Amino acid sequence: MIIDGKKIGEEIQAELAQKIRGHTPVLGVILVGANPASQIYVQAKRKACAAVGIESKLLSLPNSIAEINLIEHIEQWNRDPSIHGILIQFPLPPHISETAIVRAIDPTKDVDGFHPINVGKLLLGQEDGFVPCTPLGIQCLLEKSHIPVMGKHVVIVGRSNLVGKPLAALLVQKKPHCNATVTLAHSQSENLADLTRSADILVAAIGSPQFITREMVRPGAVVIDVGINRSLGNQIVGDVDFEQVKEIASHITPVPRGVGPMTIAMLLRNTLKAYDPHCLL
Ligand code: NAP
(Lines give C-alpha, C1' and ligand atoms only; values in the text may rest on other atoms or scores of the structure.)
Protein backbone atom coordinates (compact mmCIF):
# COMPACT_ATOMS: atom_id res chain seq x y z
CA MET A 1 0.00 0.00 0.00
CA ILE A 2 1.26 3.45 -0.88
CA ILE A 3 1.03 5.95 1.97
CA ASP A 4 -0.29 9.26 0.67
CA GLY A 5 1.65 11.80 2.71
CA LYS A 6 0.20 14.69 0.76
CA LYS A 7 -3.39 13.69 1.63
CA ILE A 8 -2.54 13.08 5.29
CA GLY A 9 -0.63 16.37 5.43
CA GLU A 10 -3.65 18.19 4.01
CA GLU A 11 -5.94 16.57 6.59
CA ILE A 12 -3.63 17.76 9.37
CA GLN A 13 -3.55 21.25 7.87
CA ALA A 14 -7.36 21.32 7.83
CA GLU A 15 -7.45 20.29 11.52
CA LEU A 16 -4.87 22.97 12.37
CA ALA A 17 -6.79 25.65 10.44
CA GLN A 18 -9.82 24.94 12.65
CA LYS A 19 -7.75 25.18 15.83
CA ILE A 20 -6.11 28.43 14.65
CA ARG A 21 -9.45 30.14 13.92
CA GLY A 22 -9.69 33.23 16.16
CA HIS A 23 -5.93 33.19 16.88
CA THR A 24 -3.04 34.95 15.16
CA PRO A 25 0.18 32.92 15.42
CA VAL A 26 3.14 34.56 13.69
CA LEU A 27 6.16 32.74 12.26
CA GLY A 28 9.29 34.77 11.59
CA VAL A 29 11.35 33.33 8.73
CA ILE A 30 14.94 34.33 8.08
CA LEU A 31 16.44 33.68 4.66
CA VAL A 32 20.10 34.49 4.08
CA GLY A 33 21.32 34.83 0.50
CA ALA A 34 19.61 33.76 -2.69
CA ASN A 35 19.98 29.97 -2.82
CA PRO A 36 17.20 28.96 -5.28
CA ALA A 37 16.31 25.75 -3.39
CA SER A 38 16.07 27.69 -0.10
CA GLN A 39 13.84 30.27 -1.78
CA ILE A 40 11.50 27.51 -2.98
CA TYR A 41 11.38 25.91 0.50
CA VAL A 42 10.67 29.25 2.18
CA GLN A 43 7.94 30.00 -0.35
CA ALA A 44 6.31 26.61 0.24
CA LYS A 45 6.43 27.04 4.03
CA ARG A 46 4.95 30.55 3.89
CA LYS A 47 2.20 29.38 1.51
CA ALA A 48 1.30 26.58 3.95
CA CYS A 49 1.25 29.10 6.82
CA ALA A 50 -1.14 31.35 4.92
CA ALA A 51 -3.41 28.40 4.09
CA VAL A 52 -4.02 27.62 7.78
CA GLY A 53 -4.13 31.18 9.15
CA ILE A 54 -0.55 31.58 10.39
CA GLU A 55 0.99 34.92 9.52
CA SER A 56 4.58 34.63 8.29
CA LYS A 57 7.09 37.45 8.28
CA LEU A 58 10.06 37.11 5.98
CA LEU A 59 13.39 38.72 6.72
CA SER A 60 15.66 38.39 3.67
CA LEU A 61 19.27 39.16 4.46
CA PRO A 62 22.29 39.42 2.15
CA ASN A 63 24.71 36.53 1.78
CA SER A 64 27.46 38.81 3.09
CA ILE A 65 25.81 39.41 6.48
CA ALA A 66 28.16 38.88 9.43
CA GLU A 67 27.29 36.20 11.98
CA ILE A 68 27.03 38.77 14.76
CA ASN A 69 24.51 40.84 12.75
CA LEU A 70 22.40 37.78 12.01
CA ILE A 71 22.40 36.98 15.72
CA GLU A 72 21.24 40.54 16.46
CA HIS A 73 18.24 40.05 14.15
CA ILE A 74 17.39 36.78 15.89
CA GLU A 75 17.67 38.38 19.33
CA GLN A 76 15.36 41.17 18.23
CA TRP A 77 12.72 38.59 17.29
CA ASN A 78 13.40 36.68 20.52
CA ARG A 79 12.36 39.82 22.44
CA ASP A 80 9.39 40.61 20.19
CA PRO A 81 6.20 39.15 21.73
CA SER A 82 4.37 39.47 18.40
CA ILE A 83 6.69 36.81 16.87
CA HIS A 84 5.83 33.35 18.21
CA GLY A 85 8.08 31.07 16.17
CA ILE A 86 11.42 31.62 14.45
CA LEU A 87 12.68 29.60 11.51
CA ILE A 88 16.11 30.02 9.96
CA GLN A 89 16.32 28.51 6.50
CA PHE A 90 19.44 26.39 6.13
CA PRO A 91 22.02 26.13 4.67
CA LEU A 92 23.72 29.35 5.76
CA PRO A 93 26.77 30.82 4.00
CA PRO A 94 30.00 29.06 5.05
CA HIS A 95 31.26 32.04 7.10
CA ILE A 96 28.32 31.65 9.52
CA SER A 97 28.27 28.92 12.15
CA GLU A 98 24.93 27.08 12.07
CA THR A 99 25.57 25.93 15.63
CA ALA A 100 25.96 29.54 16.84
CA ILE A 101 22.80 30.58 15.00
CA VAL A 102 20.70 27.73 16.37
CA ARG A 103 21.91 28.53 19.90
CA ALA A 104 20.87 32.18 19.45
CA ILE A 105 17.19 31.27 18.97
CA ASP A 106 14.97 31.44 22.05
CA PRO A 107 14.21 27.72 22.67
CA THR A 108 10.52 28.59 23.24
CA LYS A 109 10.37 29.97 19.66
CA ASP A 110 12.54 27.24 18.08
CA VAL A 111 9.86 25.62 15.89
CA ASP A 112 12.46 23.50 14.06
CA GLY A 113 13.47 21.89 17.35
CA PHE A 114 17.21 22.23 16.71
CA HIS A 115 18.23 24.16 19.85
CA PRO A 116 20.23 22.02 22.34
CA ILE A 117 17.53 22.65 24.98
CA ASN A 118 14.89 21.13 22.72
CA VAL A 119 17.18 18.26 21.70
CA GLY A 120 17.69 17.53 25.41
CA LYS A 121 13.97 17.68 26.13
CA LEU A 122 13.29 15.22 23.31
CA LEU A 123 15.87 12.81 24.69
CA LEU A 124 14.42 13.13 28.20
CA GLY A 125 10.85 12.71 26.93
CA GLN A 126 9.78 16.15 28.17
CA GLU A 127 6.76 17.25 26.19
CA ASP A 128 7.15 21.01 26.51
CA GLY A 129 9.94 21.23 23.92
CA PHE A 130 9.86 21.13 20.13
CA VAL A 131 10.53 17.94 18.16
CA PRO A 132 12.15 18.47 14.72
CA CYS A 133 9.51 18.53 11.99
CA THR A 134 10.61 15.58 9.84
CA PRO A 135 10.83 12.98 12.67
CA LEU A 136 7.56 14.29 14.10
CA GLY A 137 6.00 14.03 10.64
CA ILE A 138 7.18 10.42 10.26
CA GLN A 139 5.71 9.45 13.62
CA CYS A 140 2.45 11.17 12.69
CA LEU A 141 2.39 9.45 9.28
CA LEU A 142 2.74 6.04 10.95
CA GLU A 143 0.01 6.86 13.46
CA LYS A 144 -2.43 8.19 10.85
CA SER A 145 -1.73 5.13 8.67
CA HIS A 146 -2.60 2.86 11.65
CA ILE A 147 0.84 1.27 11.60
CA PRO A 148 1.75 0.13 15.11
CA VAL A 149 5.21 1.10 16.32
CA MET A 150 5.11 -0.39 19.83
CA GLY A 151 7.48 -3.32 20.17
CA LYS A 152 8.47 -3.18 16.50
CA HIS A 153 12.02 -3.14 15.22
CA VAL A 154 12.58 0.20 13.51
CA VAL A 155 15.81 0.45 11.52
CA ILE A 156 16.79 3.98 10.58
CA VAL A 157 19.55 4.40 8.00
CA GLY A 158 21.11 7.84 8.53
CA ARG A 159 22.14 9.47 11.81
CA SER A 160 21.86 13.17 11.04
CA ASN A 161 20.86 15.66 13.73
CA LEU A 162 18.02 16.67 11.41
CA VAL A 163 16.36 13.29 10.87
CA GLY A 164 17.96 10.04 12.05
CA LYS A 165 19.03 10.89 15.60
CA PRO A 166 15.88 12.76 16.66
CA LEU A 167 13.67 10.08 15.07
CA ALA A 168 15.48 7.40 17.07
CA ALA A 169 15.08 9.48 20.26
CA LEU A 170 11.38 9.95 19.53
CA LEU A 171 10.46 6.36 18.70
CA VAL A 172 12.17 4.81 21.75
CA GLN A 173 10.18 6.97 24.18
CA LYS A 174 8.01 5.14 26.69
CA LYS A 175 4.85 6.71 25.27
CA PRO A 176 1.93 5.95 22.96
CA HIS A 177 2.93 5.62 19.28
CA CYS A 178 6.54 5.05 20.40
CA ASN A 179 8.00 2.13 22.42
CA ALA A 180 9.90 0.84 19.39
CA THR A 181 13.17 -1.07 19.39
CA VAL A 182 15.40 1.18 17.34
CA THR A 183 18.56 0.47 15.37
CA LEU A 184 20.35 3.54 14.03
CA ALA A 185 22.60 2.67 11.08
CA HIS A 186 25.06 4.86 9.18
CA SER A 187 27.91 4.74 6.69
CA GLN A 188 30.16 2.81 9.10
CA SER A 189 27.58 0.13 9.97
CA GLU A 190 28.70 -3.39 9.10
CA ASN A 191 26.38 -5.78 7.29
CA LEU A 192 23.89 -3.02 6.50
CA ALA A 193 21.64 -5.24 4.38
CA ASP A 194 21.30 -7.72 7.29
CA LEU A 195 20.24 -4.83 9.52
CA THR A 196 17.74 -3.40 7.04
CA ARG A 197 16.27 -6.86 6.37
CA SER A 198 15.61 -7.25 10.09
CA ALA A 199 13.38 -4.16 10.14
CA ASP A 200 9.63 -4.21 10.66
CA ILE A 201 9.77 -0.52 9.80
CA LEU A 202 12.67 0.71 7.67
CA VAL A 203 13.39 4.44 7.47
CA ALA A 204 15.82 5.65 4.80
CA ALA A 205 17.35 9.09 5.51
CA ILE A 206 20.57 8.82 3.57
CA GLY A 207 20.56 11.32 0.72
CA SER A 208 21.58 8.73 -1.87
CA PRO A 209 19.22 8.06 -4.79
CA GLN A 210 17.51 4.65 -4.72
CA PHE A 211 20.09 3.29 -2.27
CA ILE A 212 17.65 0.85 -0.64
CA THR A 213 17.01 -1.98 -3.05
CA ARG A 214 14.49 -4.82 -2.92
CA GLU A 215 17.12 -7.23 -1.54
CA MET A 216 17.57 -4.99 1.51
CA VAL A 217 13.90 -5.13 2.54
CA ARG A 218 12.04 -7.93 4.31
CA PRO A 219 8.78 -8.79 2.50
CA GLY A 220 5.90 -7.22 4.43
CA ALA A 221 8.00 -4.46 5.99
CA VAL A 222 6.91 -0.83 6.20
CA VAL A 223 9.27 1.47 4.27
CA ILE A 224 9.51 5.22 4.95
CA ASP A 225 11.60 7.14 2.42
CA VAL A 226 12.88 10.50 3.69
CA GLY A 227 15.34 11.13 0.86
CA ILE A 228 14.94 13.94 -1.64
CA ASN A 229 17.47 13.55 -4.45
CA ARG A 230 17.83 14.48 -8.09
CA SER A 231 18.14 11.47 -10.38
CA LEU A 232 20.38 11.47 -13.45
CA GLY A 233 17.30 12.40 -15.49
CA ASN A 234 16.81 15.38 -13.12
CA GLN A 235 13.73 13.82 -11.52
CA ILE A 236 13.10 13.96 -7.76
CA VAL A 237 13.71 10.50 -6.32
CA GLY A 238 13.98 9.12 -2.82
CA ASP A 239 16.55 6.94 -1.08
CA VAL A 240 14.50 3.83 -1.89
CA ASP A 241 14.12 2.08 -5.22
CA PHE A 242 10.37 2.69 -5.11
CA GLU A 243 9.31 0.60 -8.12
CA GLN A 244 11.09 -2.54 -6.86
CA VAL A 245 10.43 -2.15 -3.17
CA LYS A 246 6.71 -1.33 -3.47
CA GLU A 247 6.19 -4.88 -4.74
CA ILE A 248 7.22 -6.41 -1.41
CA ALA A 249 6.61 -3.71 1.22
CA SER A 250 3.32 -3.76 3.13
CA HIS A 251 3.36 0.06 3.15
CA ILE A 252 5.69 2.51 1.46
CA THR A 253 5.93 6.29 1.16
CA PRO A 254 6.53 7.76 -2.30
CA VAL A 255 8.84 10.67 -3.15
CA PRO A 256 7.42 13.24 -3.66
CA ARG A 257 4.06 13.13 -1.75
CA GLY A 258 5.44 11.15 1.18
CA VAL A 259 7.37 12.55 4.13
CA GLY A 260 7.87 16.05 2.62
CA PRO A 261 4.29 17.30 3.10
CA MET A 262 4.31 15.95 6.67
CA THR A 263 7.42 17.99 7.47
CA ILE A 264 5.59 21.17 6.48
CA ALA A 265 2.45 20.15 8.40
CA MET A 266 4.55 19.65 11.55
CA LEU A 267 6.16 23.09 11.11
CA LEU A 268 2.65 24.55 11.26
CA ARG A 269 1.84 22.40 14.28
CA ASN A 270 5.00 23.50 16.09
CA THR A 271 4.25 27.15 15.29
CA LEU A 272 0.81 26.82 16.86
CA LYS A 273 2.43 25.13 19.86
CA ALA A 274 4.86 28.07 20.16
CA TYR A 275 1.89 30.46 20.07
CA ASP A 276 -0.13 28.56 22.68
CA PRO A 277 0.19 24.82 23.39
CA HIS A 278 -3.42 24.79 24.65
CA CYS A 279 -4.61 25.42 21.08
CA LEU A 280 -3.38 21.93 20.12
CA LEU A 281 -5.57 20.15 22.65
P1 NAP B 1 22.87 13.88 5.99
O2 NAP B 1 23.04 14.87 7.08
O3 NAP B 1 23.73 13.94 4.79
O4 NAP B 1 22.97 12.42 6.64
C5 NAP B 1 22.99 11.28 5.84
C6 NAP B 1 23.18 10.06 6.70
O7 NAP B 1 23.19 8.93 5.85
C8 NAP B 1 24.48 10.06 7.49
O9 NAP B 1 24.26 9.62 8.81
C10 NAP B 1 25.36 9.08 6.72
O11 NAP B 1 26.26 8.35 7.54
C12 NAP B 1 24.31 8.13 6.18
N13 NAP B 1 24.85 7.45 5.00
C14 NAP B 1 25.41 8.02 3.91
N15 NAP B 1 25.83 7.07 3.06
C16 NAP B 1 25.53 5.88 3.63
C17 NAP B 1 25.74 4.53 3.26
N18 NAP B 1 26.33 4.21 2.12
N19 NAP B 1 25.32 3.57 4.10
C20 NAP B 1 24.72 3.88 5.27
N21 NAP B 1 24.50 5.13 5.67
C22 NAP B 1 24.91 6.13 4.87
O23 NAP B 1 21.37 13.90 5.42
P24 NAP B 1 19.97 14.35 6.10
O25 NAP B 1 19.96 15.80 6.32
O26 NAP B 1 19.61 13.44 7.22
O27 NAP B 1 18.99 14.03 4.88
C28 NAP B 1 18.88 12.75 4.33
C29 NAP B 1 17.98 12.81 3.12
O30 NAP B 1 16.67 13.22 3.54
C31 NAP B 1 18.39 13.83 2.06
O32 NAP B 1 18.06 13.34 0.79
C33 NAP B 1 17.55 15.05 2.39
O34 NAP B 1 17.32 15.87 1.25
C35 NAP B 1 16.29 14.39 2.84
N36 NAP B 1 15.44 15.18 3.76
C37 NAP B 1 14.11 15.19 3.49
C38 NAP B 1 13.25 15.85 4.34
C39 NAP B 1 11.79 15.81 4.06
O40 NAP B 1 11.05 16.61 4.60
N41 NAP B 1 11.32 14.87 3.25
C42 NAP B 1 13.75 16.51 5.46
C43 NAP B 1 15.12 16.46 5.72
C44 NAP B 1 15.96 15.77 4.87
P45 NAP B 1 27.50 9.07 8.33
O46 NAP B 1 26.85 9.78 9.49
O47 NAP B 1 28.33 7.94 8.74
O48 NAP B 1 28.12 10.01 7.35
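**Reading a pocket and a ligand site**

Me: Which residues lie nearest the centre of the second largest pocket?

Reply: Rolling a probe the size of a water molecule over the atoms shows where empty space is left. Here, E127, L136, Q139, R269 and K273 lie nearest the centre of the second largest pocket, which has 32 lining residues (a pocket being an open set of points on a 1 Å grid over the protein atoms alone where a 1.4 Å probe fits, with protein on both sides within 12 Å along at least five of seven lines; lining means an atom within 4 Å of a point). Keep in mind that this is a predicted model, where local features need pLDDT of at least 70 and side-chain atom pairs pLDDT 80 or more, while totals for chains, interfaces and linings use all residues. Numbering starts from 1 along each chain as its sequence is written, and side-chain values use heavy atoms, without hydrogens or water.

Me: Which helix gives the largest share of that lining?

Reply: That's α6, with 5 residues. α1 (5-20), α5 (116-124), α6 (133-144) and α10 each supply at least two.

Me: OK, on to the ligand. Which residues are closest to the ligand?

Reply: R159, S160, S187, I228 and T263, out of 21 that surround the ligand (a heavy atom within 4 Å). Helix α10 (residues 259-275) turns up again, giving the most to this shell with 3 residues.

Me: What polar contacts does the ligand have with S160, V226 and N229?

Reply: Look for N or O pairs within 3.5 Å. A polar side-chain atom of S160 sits 2.5 Å from a ligand oxygen, and one of N229 sits 3.4 Å from a ligand oxygen. V226 uses a backbone N or O atom, 3.4 Å from a ligand nitrogen.

Definitions and conventions:
A polar contact is a pair of N or O atoms within 3.5 Å; within protein, one must be able to donate a hydrogen and the other to accept it, and residues adjacent in sequence count only if both atoms are side-chain atoms. Helices (H or I, at least four residues) and strands (E, at least two) are DSSP runs, numbered from the N terminus.
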